[in-house]
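Welcome, and please open your viewer. We will go from stop to stop, with something to select at each one.

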Amino acid sequence: MLDKLPVLLAVSVEQEKEALEQGLGKQLTIEVIVCGVGFAAAAANTAKQLSTKPYRGVINIGIAGGFPKRAAIGSIVAASSIIAPEIGAESPEGFI
């Protein structure tokens, strides 16, 4: 039964949604929503969508900024670590 449910792709902005829909075409097993930028918006809007119907899984996907001279447009980049500048603060000793 799970294999018949769609996968939800959550993106931050409309341009990401348009690019995904253009690349994926019309697939009934994938649904794309714009959830907004930042942790709070992404969590709230994804939770709201999840409350409307069941999904096989959720993937938060996006461009995550740019990498000039390191990754060409269209490249796939996988992170080996994550820095969350929205959580914490700058101090004289550095980021805490």
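Across which strands does helix α1 lie? Select residues 14–24: this is helix α1, which lies across β1 and β2 and runs at about 165° to β2. For such angles, axes are lines fitted to C-alpha atoms, for helices over the stretch in contact, and angles run from 0 to 180 degrees between N-to-C directions. Helices (H or I, at least four residues) and strands (E, at least two) are DSSP runs, numbered from the N terminus.

Before moving on, a word about the model. It is predicted, so local features need pLDDT of at least 70 and side-chain atom pairs count only at pLDDT 80 or more, while totals for chains, interfaces and linings use all residues. Residues are numbered from 1 along each chain as its sequence is written, and side-chain values use heavy atoms, with hydrogens and water left out.

**The whole chain**

Zoom out and colour by secondary structure. You will find two helices and five strands, in the order β-α-β-α-β-β-β from the N terminus. Of the 96 residues in the chain, 18% are buried; buried means under 20% relative accessible area, exposed over 50%, and partly exposed in between (1.4 Å probe, protein chains only).

**The sheet**

Now show the strands β1 (7–11), β2 (30–34) and β3 (57–60). They form an open sheet in the order β2-β1-β3, with parallel pairing. The edge strands, β2 and β3, each pair on one side only. Neighbouring strands are turned by 25° against each other on average, direction ignored. Two strands count as paired if DSSP finds at least two bridges between them; β1 and β3 have four, in the parallel sense. To see one pair of bridge partners, select Ala10 and Asn60 in β3.

**Helix α2**

Next, select residues 39–50, helix α2. Try the distance between its end C-alpha atoms: they are 16 Å apart, which agrees with the 16 Å that twelve residues should span at 1.5 Å a residue. The expected span is 1.5 Å times one less than the number of residues.

Which residues of α2 are buried? Highlight Ala42, Thr46 and Gln49. They cover an arc of only 60° around the axis, which puts them on the same side of α2; the arc is that of the directions from the helix axis to the C-beta atoms. The buried residues pack against β1, β2 and β3. Turn the view to the face away from this buried side, and you will meet the exposed residues Ala40 and Lys48.

**Thr46 and the core**

Stay on α2 and centre on Thr46. Its relative accessible area is 11%, so Thr46 counts as buried. Beyond residues up to four places away in sequence, Thr46 touches Leu8, Ala10, Ile33, Cys35 and Val58, where contact means heavy atoms within 4.5 Å.

Then select Leu8, Ala10, Ile33, Cys35, Ala42 and Tyr55, the six residues of the largest nonpolar core. Such a core is a set of buried Ala, Val, Leu, Ile, Met, Phe, Trp, Tyr and Cys residues joined through side-chain atoms within 4.5 Å. From Cys35, follow the contacts outside its sequence neighbourhood of four places, among them Ala10, Ala42, Thr46 and Asn60.

**Last stop: Thr29**

Finally, go to the loop between α1 and β2 and pick Thr29. Is Thr29 buried or partly exposed? At 35% relative accessibility, Thr29 counts as partly exposed. Outside four places in sequence, Thr29 is in contact with Leu5, Pro6, Val7 and Arg56. The C-alpha atoms of Thr29 and Arg56 are separated by 9.1 Å, with the two residues 27 apart along the chain.
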